[in-house]
Structures are given as C-alpha cells and as structure tokens.
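Please walk through the structure shown below, taking a pair of helices to begin with and then a strand with its partners.

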Amino acid sequence: MRATQFHIGTQKEAPTDAEIASHKLMTRAGMIRKHAGGIYSYLPLGLRVVRKVEKIIREEMDAAGGMEVSMPVIQPAELWQETGRWDKFGPELMRIKDRHNRDFVVQPTSEEVVTDIARNEIHSWRQLPKNFYQIQTKFRDERRPRFGIMRGREFTMKDAYSFDRDEEGAKKSYEGMYAAYTRIFTRMGLAFRAVKADTGAIGGSLSHEFQVIADTGEDLLVYNPQSDYAANIELAEAVSLIETRGAASEPLAKTPTPGAARCEDVAALLKIDLTRTVKSLVLATEPEKEGQPAQIWLLLIRGDHELNEIKAGKVEGLNKGFRFATEAEIVEHFGTLPGYLGPIGTAKPVKLVVDRTVANMSDFVAGANEADFHHTGVNWGRDLPEPTVIADLRNVVVGDPSPDGKGTLAIQRGIEVGHVFFLGAGYSTSMKATFLDQTGKPAPLQMGCYGIGVTRVMGAAIEQNHDGRGIIWPRALAPFEVVICGVGWGKSELVRDAATKLYEELKAKGVDVILDDRDERPGVMFAEWELIGVPVRVTIGDRGLKDGLIEVQGRRDDGAEKVPAAEALDKAL
Ligand code: ATP
Ligand code: MG
Ligand code: MG
Ligand code: MG
C-alpha cells in the first residue's frame with residue numbers, strides 16, 4: 001500500500017466525550033468515526049485492525065473444530081418467545097417491526113437462532129459434537145455506551161455455540177474453547193488473565209471470562225500471584241439487611257431519623273468499599289408475608305449497571321409483591337443518593353440487622369445464565385446456601401488469604417474481551433432441540449456458548465499498549481507492520497528507488513507494509529505514524545543513502561538504528 005493511495009485521517013483533537021486513551025487515540029489516528037452514541041464507522045486503518053483480530057480468531061476457531069456460519073442480524077421474535085427471552089431480556093434488546101407489524105429483534109447474541117439450526121440439523125448422537133460460530137454484527141442498546149467502541153451499541157462479536165451428547169462432552173467442548181481462547185489472546189500479544197466469572201447463584205455452572213489487564217478496565221479481578229486462582233468481582237453487590245418491625249408497605253419515613261445508619265456506615269459495617277465498586281444504591285422493599293418480617297434490600301450497584309433493567313427483570317428469590325424503591329423515592333426520603341439509609345418502611349425505629357451477603361447480580365455471557373437472563377438478569381436470592389467464595393470475594397482487599405489456601409490475593413482491573421460459558425440443556429429443552437441418543441431415546445442437546453468482543457479487543461489492545469505519542473500496536477494486530485518513510489521523495493530519485501525496492505521486497509516476504517510517498521516533512525510523517533502506532537518505521541533519505549545507510553526504529557525504541565541498506569530488510573522483518 002502506498003500512502004498517496006490510502007486514506008490517512010489523523011486529527012489533532014480528541015473527541016470531547018473521550019474518557020480513555022483508546023477512544024482518544026483511535027479517533028485521532030483516523031480509525032473510527034462516531035455517528036451516534038455507541039455507533040461508529042471503521043475507516044480503512046481501523047478496519048485493517050478489525051480484520052487482523054478476526055483472522056486470528058478464525059484460524060484458532062477452525063483449528064479447534066469450529067465451523068463458521070452466518071446467522072441473521074434481524075431475527076424473528078417467535079424464536080425469542082420460545083425461550084422466554086423476548087420478555088426477559090429488557091431494554092438492551094433492540095426490537096423492531098416490519099411493514100406487516102411483525103416483531104423482530106436485532107441480534108445481541110444468537111442462542112435462539114443457533115438452537116433453531118441445531119434442532120433442524122442434528123438428529124442423532126452420531127452427528128455430535130458440533131461447534132458453530134460466526135463473526136457478526138451485534139446490537140445491544142446499552143444504557144451507557146462509552147469508551148468509544150469498547151462499550152458500543154453496534155459491535156462485532158465472535159459467538160460460538162457447542163452441541164454435545166452429554167455433560168461430559170460439553171465440558172470437553174468447553175475446555176477446547178478455553179484453550180483456543182488462550183491461544184487467541186496470546187497470539188494477539190495481549191497480557192490477559194482468565195478468571196472465574198460469577199456463577200455463584202447458577203451453581204455448578206462453568207464460566208470464565210478472558211480479561212485484558214488494564215487500569216481503565218470496568219471489572220475488578222482478584223487473583224493469586226502464587227497460583228492460578230483468579231476470579232472476577234462482579235459488578236454489583238446485593239446485600240440483605242434486615243429484620244424490621246413494622247410493615248414495609250407503610251409509607252417510607254420522610255426524613256432520616258436520628259441514629260439512622262448512613263449508607264457509608266452500612267458499607268463500613270459490611271466491609272464494602274463504596275469508592276471501589278459502588279456508584280449507586282437502590283432499595284427494594286418486600287411487605288410482611290406469612291409470618292415473615294418485612295424485608296428491605298439494599299443493592300449497591302456499580303455505575304454501569306442498568307437500574308431500569310434490574311427493575312424490569314424478574315428477581316428470583318424474592319417474594320411476589322416486592323418492589324424497588326425508585327431513585328427519586330430514595331432521594332426524596334433520604335436526602336441524597338447514596339445518602340441516608342433510614343428506618344425504611346416504618347415510622348418506628350428500625351433495627352438494621354446485617355443478615356448476610358447473599359446475592360450476586362451479574363452481567364452475563366454471550367448467551368445466558370441458568371434463568372435465561374442476559375445482562376438484565378438478577379441472580380439473586382436469600383435462599384442461597386451459605387455465602388460462596390465469590391460472595392466473600394466482594395469485600396476482599398489486597399493481601400487477604402487466597403481461597404485456594406496457597407498464599408494471598410492481589411487485585412487488578414481488567415477489560416472483558418471474551419467469555420466462555422457452559423449452558424447445559426436450558427435452551428435445547430425450551431426449544432425442544434433433541435437428538436436420539438445411543439439407546440434410541442430423545443435427549444436434549446448439551447450446549448455451551450463462547451463470545452469474543454472483536455471490536456472491543458481493538459480498544460483493549462490500545463489501553464495496554466500506548467504512550468504519549470500514540471498507539472503501539474502489537475505486531476499481530478497492527479494495521480501495517482512496517483512503514484517506509486521516504487524523506488525528500490519529490491526531489492530524490494535515489495530515495496524513491498531505494499524505498500520502492502525495499503517496499504517490494506517486504507511485500508514479497510508477506511509483510512504488511514505501507515510506503516509513505518506523500519513527500520511530507522519527516523517530522524510530520526513520524527508524528528503521524530507514531531500516533532497510528534505502526535510497530536516498525538524505516539526511514540530512507542539522501543543523507544543516509546550517501547553512506548549506504550537506512551534508519552530502522554521500533555515504535556518502543558528511543559532512537560533509530562542506522563543499518564547498511566542491505567540489512568534493512570532483515571531488520572524490518
Ligand atoms: P459486559 O460485561 O462488558 O457488558 P457482557 O458480559 O455483557 O459484557 P457477553 O454477553 O459475555 O458480554 O458477550 C461476549 C463478549 O462481547 C464480551 O466478552 C465482550 O468482549 C463483548 N461485548 C459485550 N458487550 C459489548 C459492547 N457493548 N461493545 C463491545 N463489545 C461488547
Ligand atoms: Mg460481563
Ligand atoms: Mg460476559
Ligand atoms: Mg453487557
């Protein structure tokens with residue numbers, strides 16, 4: 001590629017809504033352009049990176065036995081009604097109508113469609129296992145799209161789905177995908193960690209997230225540097241506080257009563273770090289019922305969680321009739337948010353008793369959890385057994401003993417780039433996707449789902465690899481691996497010849513190289529390629545050529561190395 005024939009759209013200014021480096025740099029480097037919240041175009045430079053991400057994923061998915069398919073972006077509501085997700089998904093699911101007033105969804109993920117395929121295609125145990133994947137546009141109407149393409153509304157996801165005869169087979173498929181993901185992110189040159197995702201309330205289910213380590217990540221990873229133990233602290237925390245006298249259905253107290261606990265105090269009592277994990281607070285009240293005292297639930301929720309969705313979602317484990325106090329109510333009755341946690345639901349003083357930390361509310365996998373919720377779900381119930389390890393992790397601090405007994409814990413932030421999830425037979429049962437097993441009896445397909453945020457990977461790679469001058473692409477993801485800058489291009493035939501020769505040689509070696517033939521000043525060219533983040537720059541000018549020398553500089557190097565022209569090729573490889 002020659003720069004004169006390519007579109008280079010670098011900009012001086014970062015967008016005003018850009019909070020993190022990757023968003024700023026991707027825009028400034030001319031890789032993405034925004035049209036609406038969470039909706040972007042990829043310019044040629046950006047799309048080259050997306051294609052590299054996809055290529056690595058495709059190769060590893062194929063090597064692991066996956067078969068690529070393409071499922072519709074617009075999917076009929078009927079399939080989503082079969083699994084119940086039409087109702088359960090909440091506002092993140094984009095619903096549309098056609099001209100005949102029929103309902104459709106824009107796929108946020110594709111369990112329904114792939115299960116529909118499987119029930120039509122797979123009839124016998126002899127056809128199993130199978131793994132279908134696609135790399136496709138997804139749409140999630142995120143409440144707060146942000147960080148550029150990292151939390152977009154339209155984005156590209158690789159989603160794979162495995163089908164097996166039995167649980168044992170499904171676990172093998174899961175392990176195969178886990179291993180493939182490890183290879184994928186290793187090849188991409190990313191520092192990542194596979195962590196146990198929260199399955200506390202799902203019980204026995206298997207789920208891991210692949211997290212790219214970065215300070216700007218939205219997740220908190222707890223890990224043990226002395227072993228391979230690692231887990232994600234979930235985004236939200238639910239705490240049951242409780243035992244009240246008086247009915248919660250009575251009006252909420254108007255003003256904080258003297259002696260009422262402040263949110264901060266409760267947090268201290270529960271050892272919850274408000275600054276670390278909690279951005280907002282929701283109260284739920286549940287009236288007295290069948291001899292049970294009224295219940296008041298305090299949910300501490302990290303900022304990116306969707307209050308509306310939680311309200312819309314069905315909540316397991318709570319008696320019917322509960323409702324969430326609205327934010328407005330909380331503000332009205334307790335002054336601020338978070339603010340006073342007063343004697344709720346009664347005029348009489350209320351003893352707030354910390355029952356136990358019971359619950360977990362999680363974001364979900366490219367797919368689902370046990371209850372078929374996707375992101376909107378609240379896995380939550382005080383009927384859970386004793387707090388699980390994961391529940392304990394919510395309040396962990398650096399240096400706490402590791403649950404595996406092998407040392408102490410550390411914490412770091414991460415960006416979820418991939419998620420593997422063992423689904424079991426939930427979808428296949430509700431959609432009647434069965435096969436005939438070895439005894440000739442129909443059995444439900446055992447499933448797993450496996451997502452990678454293709455476009456998010458791009459942002460995560462930049463979060464991990466940049467400096468004051470711009471992006472520093474890992475070579476495997478770079479839009480171009482090498483740039484050749486011809487200094488004095490217009491004036492010097494010597495430069496043009498030497499640069500073109502090296503360019504052709506690199507191309508012949510299969511290197512993704514761009515020849516900067518724009519006749520720009522060196523300072524301008526260098527700044528631009530450093531912003532774009534090309535890993536290797538070769539500079540060819542008259543002055544060096546006089547001595548038979550060419551300059552080669554790695555993007556992380558402090559200065560250029562002058563090498564004999566004949567060695568430049570090897571240096572740039
Ligand atoms: P998050 O917790 O960040 O909301 P998720 O758990 O809802 O993500 P999954 O359903 O597990 O996402 O989807 C699989 C992958 O798709 C995620 O691991 C992530 O890399 C990517 N992804 C999810 N939501 C988005 C988004 N809004 N923009 C870009 N990538 C996304
Ligand atoms: Mg998640
Ligand atoms: Mg997930
Ligand atoms: Mg999500």
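**Two helices and a strand with its partners**

In this predicted model, the axis of helix H1, which spans residues 21–28, comes within 8 Å of the axis of helix H13, which spans residues 454–464, and the two cross at roughly 105 degrees. Because angles of 65 to 115 degrees count as roughly perpendicular, H1 is roughly perpendicular to H13. On the H1 side of this contact stand Ala21, Ser22, Leu25 and Met26, and they meet Gly459, Ile462 and Glu463 of H13. Sorted by character, the residues of the contact between H1 and H13 comprise 4 nonpolar, 2 polar and 1 charged.

From the helices we can turn to strand E20, which runs over residues 410–424 and is mostly covered, since 11 of its 15 residues are buried. Several strands pair with E20, and they can be taken in turn. Strand E10, made of residues 207–213, pairs with E20 in the antiparallel sense over 7 bridges, and within this pairing glutamine 211 has glutamate 416 of E20 as its bridge partner.

Strand E11, covering residues 219–223, also runs antiparallel to E20, to which 5 bridges join it; here leucine 220 has arginine 413 in E20 as its bridge partner. A further antiparallel pairing, over 6 bridges, links E20 with strand E23, which consists of residues 446–453, and in this case glycine 424 finds its bridge partner in methionine 447 of E23.

How values were computed. Residues are numbered from 1 along each chain as its sequence is written. Chains are lettered from A and ligands numbered from 1 in the order in which they are written. This is a predicted model: local features need pLDDT of at least 70, side-chain atom pairs count only at pLDDT 80 or more; totals for chains, interfaces and linings use all residues. Axes are lines fitted to C-alpha atoms, for helices over the stretch in contact, and angles run from 0 to 180 degrees between N-to-C directions. Helices (H or I, at least four residues) and strands (E, at least two) are DSSP runs, numbered from the N terminus. Angles under 35 degrees count as roughly parallel, over 145 as roughly antiparallel, 65 to 115 as roughly perpendicular and the rest as oblique. Two residues are in contact if their C-beta atoms, placed from the backbone, lie within 7 Å. Ala, Val, Leu, Ile, Met, Phe, Trp, Tyr, Cys and Pro count as nonpolar, Asp, Glu, Lys and Arg as charged, and the others, Gly among them, as polar. A residue is buried if 20 or more other C-beta atoms lie within 10 Å of its own, exposed if 12 or fewer, and partly exposed in between; C-beta atoms are placed from the backbone. Two strands pair if DSSP finds at least two bridges between them.
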